[in-house]
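I opened this notebook to record what I looked up about aromatic rings, the nonpolar core and two loop residues. The entries follow the order in which I checked them.

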Amino acid sequence: MGPFSFAAKVVYWRGPAPFIFAAVPSDIGAQIQAVSNTVSYGWGCIAVEAQIGGHGFTTALIPRDGSYLLPLKVAVRQKLPPIEIGDSVDVVMQFAAKMPPL
């Protein structure tokens, strides 16, 4: 399944660091949820390879409110034009073959 392409709203969530995330739209989240048992490596987290603005990175989706959050680490955001809470970013994402580095 995938890759997935979508526009995601940038949100702040005081959960696990980095606190800035791209919210996966609910329709994409439902597709991911349908296969989550086969792609999750634990706690509902799912390893993905993502691309925003031509910059690729690996991370893990975090389940939240019936969908998922895509972490936007500082190292990723530094490679992009400034991203603010409430902005929309275009994401291309697919399941990763292995767990991302911490």
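**Entry 1: aromatic rings.** I began with F4 and F95 and found that both are buried, bearing in mind that this is a predicted model. I then looked at how their rings sit, and the two form an edge-to-face aromatic pair, with 5.7 Å from centre to centre and 80° between the planes. I noted where each partner lies: F4 belongs to strand β1 and F95 to strand β7, so the pair, by its 91-residue separation, links distant parts of the chain. Next I turned to W13 and F21, whose ring centres are 5.9 Å apart; their planes meet at 55°, which is under the 60 degrees that edge-to-face would need, so I logged this pair as tilted. For F21 I read a relative accessible area of 0%, and therefore entered this residue as buried. The count of aromatic pairs came to three.

**Entry 2: the nonpolar core.** Which residues touch the most other members of the largest nonpolar core? I found that this core has 25 residues, and that F6, I32, L61, L70, V89, V91 and M93 are the ones with the most contacts to other members. I then listed the elements that give two or more residues to this core, namely β1 (4-12), β2 (20-23), α1 (26-39), β4 (45-52), β5 (55-64), β6 (67-71) and β7 (88-95). I added as background that nonpolar side chains in soluble globular proteins tend to be buried together. I followed F6 further and, leaving out residues up to four places away in sequence, recorded that F6 touches V24, P25, I28, V89, D90, V91 and M93.

**Entry 3: F19.** I located F19 in the loop between β1 and β2. Is F19 buried, exposed or partly exposed? Its relative accessible area is 24%, so I put F19 down as partly exposed. With residues up to four places away in sequence again set aside, F19 touches V11, Y12, W13 and R14. I also checked the distance to K73, which is 54 residues from F19 along the chain, and the C-alpha atoms of the two are separated by 8.3 Å.

**Entry 4: D65.** I closed with D65, which I found in the loop between β5 and β6. D65 is not a glycine, yet its phi is positive, at about 50°. I wrote beside this that most residues other than glycine have a negative phi. The relative accessibility of D65 is 71%, and therefore I counted D65 as exposed.

Note on methods
Residues are numbered from 1 along each chain as its sequence is written. This is a predicted model: local features need pLDDT of at least 70, side-chain atom pairs count only at pLDDT 80 or more; totals for chains, interfaces and linings use all residues. Side-chain values use heavy atoms; hydrogens and water are left out. A nonpolar core is a set of buried Ala, Val, Leu, Ile, Met, Phe, Trp, Tyr and Cys residues joined through side-chain atoms within 4.5 Å. Buried means under 20% relative accessible area, exposed over 50%, partly exposed in between (1.4 Å probe, protein chains only). Helices (H or I, at least four residues) and strands (E, at least two) are DSSP runs, numbered from the N terminus. Contact means heavy atoms within 4.5 Å. Rings of Phe, Tyr and Trp (its six-membered ring) pair if their centres lie within 6.5 Å; planes under 30 degrees apart count as stacked, over 60 as edge-to-face and the rest as tilted.
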